[in-house]
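This note is addressed to a colleague who is new to the structure. Two topics are taken up in turn: a pocket and its lining, and an open sheet of strands.

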Amino acid sequence: MFPSNGSTLETMSNKINCSDSMTCSKCTIKPVCVWSLKQQTCENKNKFNSSSLIASRVGECPQFSVVKKFKYTNLWIECNFTVKLSNDSVGFKNYLENYTINICTKLTICTQMRSETNNEMMILSYLFHLNSTYLTGPSYTTFIFIKFNDVMLLFDNVADNFITFNRQEECSADDTTSCATCAWNNDGYSNYFKLCSFNNACKIQNETYLKTNGKNTNVLENIAYVTNDCAEINVTSVDPLSAPKTGGTIVTIIVRNHRIFAENRTITVTVAGTVCSNPRTSGSETITCTTSQPNDTPSGPVLVEYSSPTGDVLKIESSQIFQFYNVSSICGTPSPVLDADQQLGGVASGGTSVSIRGDHFVEPCVVSSTRLYVDLSDGVRRYADSYCNPPINDTYMVCQSPRVNGIGWNGDASAVGQLLDFGLNITFSKDDLSGMNQSLLVAVRNPMLKYYVHPDPLLVDFEVDGNGSVVVNGLHLQYVLPEDIVIRPVDSPSGRCVVFLATRHSLMCQPTTSVAALQVISVTFGNSLVHTVNRRASPSADDPYKLPGWFRAIVAISVGLIFVFALVCCLRTKHHYDVTKNIRNPSEDASRSQDLYKQTAM
C-alpha cells in the first residue's frame, strides 16, 4: 500500500496561475479559480465574495451559441452573425441589458448590435457586408468581437470570433473531411488556423493563420504553434512513451488529420527535444520514426512539424510526455502515488473514462498495462474490461471504469450511490543488463480515496432546436464526459454529432450533416452502453386544423364543465317542478300515500 500525496487548496493556489485562462470553461475547471463575468477575466476565488457576478464551476458558465449564415449576390457577400446567450444561472443577461452591446473589428471600429431578450435567453445579431471585388484570394478571414462596458466578451469557442468570407459560395459550407480548423488563446492573443487539402469542395489548397489581440493590426507570422487545444489538430497517441538512451526505438505517433497537413509538406519529428529520424506516413493519421541518442533532455513532449515550400510551418506539440532512460541501470519496482484530493467515480455499467492524478506513473520503468478495479461491499473485486490509456505524463492518466451492476456479484442488488475502495493493478516491464523482461503485478491503493458509483444514464427521446443542434432528453446524463459520448444517425454510421454540453436532463450536440429528416439516433456511452433513441413526436406543420395539445386539453375541460353545469341545472328544474305539483294537488298525493300504506300493510 502506497502513501498518499496530499495537496491542500493553499498549495494548489500557489501552483495555479488563474490569469492564464482566457475562457470561462477553462478557468472554472481549476479548483481555486473563478470567472468574473463583469471583467471577463479568470481570478483567484479569494478576490470575490458570493454576491459577485462570477462563475465558480463549469455549469455556471453562460452558453454562447454562434450562427453564421452567408448569402451571396452578384456584388456582395452577406454574413448574418447571431449570438444566443443561454444557461444564465447567475444573472449575466440582466447585467448586459444595462449596457449598449457593440460588435467590433477593432477597438475603435464598433457598431451597435440588435438585441432581443426573453426569460430564457438573449439574442444578439448583426449583418456584415463585404464587397466581393475586395477579395484578392480564395478567402478572407477577419477577427470580430462583442464589447460591453468597454469589456471584450470572450467565447469558450475561440473560433466564434472569426468570420471567413469565401470567394466561391460552395466553399462556405464546413468541410470537416478535407479541412482542419483550430482556434486558441495564448498570451492574450486569439489565434485561428485553417488548412484545407486539394480534395475540399473548392478544389483549392487553402491555408489561413491569423493572430490578433483585437487592439492592434494582425500579427504576421508564418509559424502556427498548436498545443493540446483543438480536437481537429492534435497528437492523440504516442507509443511507446519511453525509450533507452541508446536510440533505435521505433515510435508510433497518431496525429488527427495528418493526411491533410502532410500534403506537399516536409515532416519533421522530435521527441523530448531529440530528432526522431526517418519519419514515415503509415495510413491517414499515423507517423513512425526512429529515436536518436538524446543530448541532455531526459523527457519532454513530442513535436511534429509540417513545413511548406513557401516557408509556412505548422507545429503540433503533444500533451504526452516522452522519456529517455539509461539501459545500464536496473529498473526498480514502480511506486505510483495517488493524489488525496481527487474524487473518482463512474456509471454502474462501466466503460467510461476516469481521470486519475498522482505521481510516478511512468518512472522508473515503463508502465505497460494498468487496470482500474473496485472492491464491492460483499468483498468481490471487479476489474475494468479494458486497460488504462498510456499515461499522458508522470502525473496523469485516464482509465476506464469497471462494471459494478448485473448478475455475477450480488444478484439484482445495485451499487449505485455507494463509496467503494478502488485501486490500480499495474504490470510493468524491467530491463536489466541480462536483456530479459520481467513482469510484476503491483496493487496501488489509498484508504483515504473512494470510488463513487453513479447511476446509468436514461434516455427518453431527442429533438432539434432552433439552432440546428440535436437535444437528447433523459436523466443522469451529467456523469459521462462529452468525449465518451458518441451520437450518430442509425442509418448513417459515418455521420456524427459532436457533443458540446451534458447536463442532468439533456445532451446537446452539433451535427455534421443535415438532421431535418432524422428520426432515430444511436447514443453510445463509453464502450458498454448503447441506446437507440426516437425523435420526439410533434404536431404536423402541414395540418393547419390540428390544434396544439394544450389547447385541446383546455377545450376538453371546458366541455366537461359545461356538461356538469347543464346536469345540475336540469336536476334543480325537476326538483322545483315536483314541489310545485305537490302544492297544487295535495288530495291526489295524499290518496297515493294512503294506497301505498295499505299495500305495504297487506
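1. A pocket here is an open set of grid points, on a 1 Å grid over the protein atoms alone, with protein on both sides within 12 Å along at least five of seven lines. The model under discussion is predicted. Its second largest pocket has a volume of about 390 Å³. This pocket is lined by 22 residues, of which M22, Q40, M152, L154 and G188 are the closest to its centre.

2. Three elements each give two or more residues to the lining of the second largest pocket: β2 (41–44), β12 (151–153) and β15 (189–196). The most comes from β2, with three residues. Sorted by class, the lining comprises nine nonpolar, ten polar and three charged residues.

3. Where does the second largest pocket lie with respect to domain 1 and domain 2? Residues of domain 1 (15–60) and of domain 2 (63–221) both take part in the lining, so the pocket lies between the two domains.

4. Attention now turns to the sheet. Four strands form an open sheet in the order β4-β5-β9-β8, and their pairing is antiparallel. At the edges are β4 (63–72) and β8 (114–117), each of which pairs on one side only. On average, and with direction ignored, neighbouring strands of this sheet are turned by 20 degrees against each other.

5. In general, the strands of a sheet pair through backbone hydrogen bonds, either parallel or antiparallel. In this model, β8 and β9 (residues 122–131) run antiparallel and are joined by four bridges. S115 stands opposite L124 in β9.

Conventions: Residues numbered from 1 in each chain as written. Predicted model: local features only at pLDDT ≥ 70, side-chain atom pairs only at ≥ 80, totals over all residues. Heavy atoms only, no water. 1 Å grid on protein atoms, 1.4 Å probe; cavity = no way out; pocket = protein on both sides within 12 Å on 5 of 7 lines; lining within 4 Å. Points joined across faces, edges and corners; volume = space filled by probe spheres on them. Nonpolar A, V, L, I, M, F, W, Y, C, P; charged D, E, K, R; others polar. Domains from an automatic or database assignment. Pairing = 2+ DSSP bridges. Axes fitted to C-alpha atoms, helices over the stretch in contact; angles between N-to-C directions.
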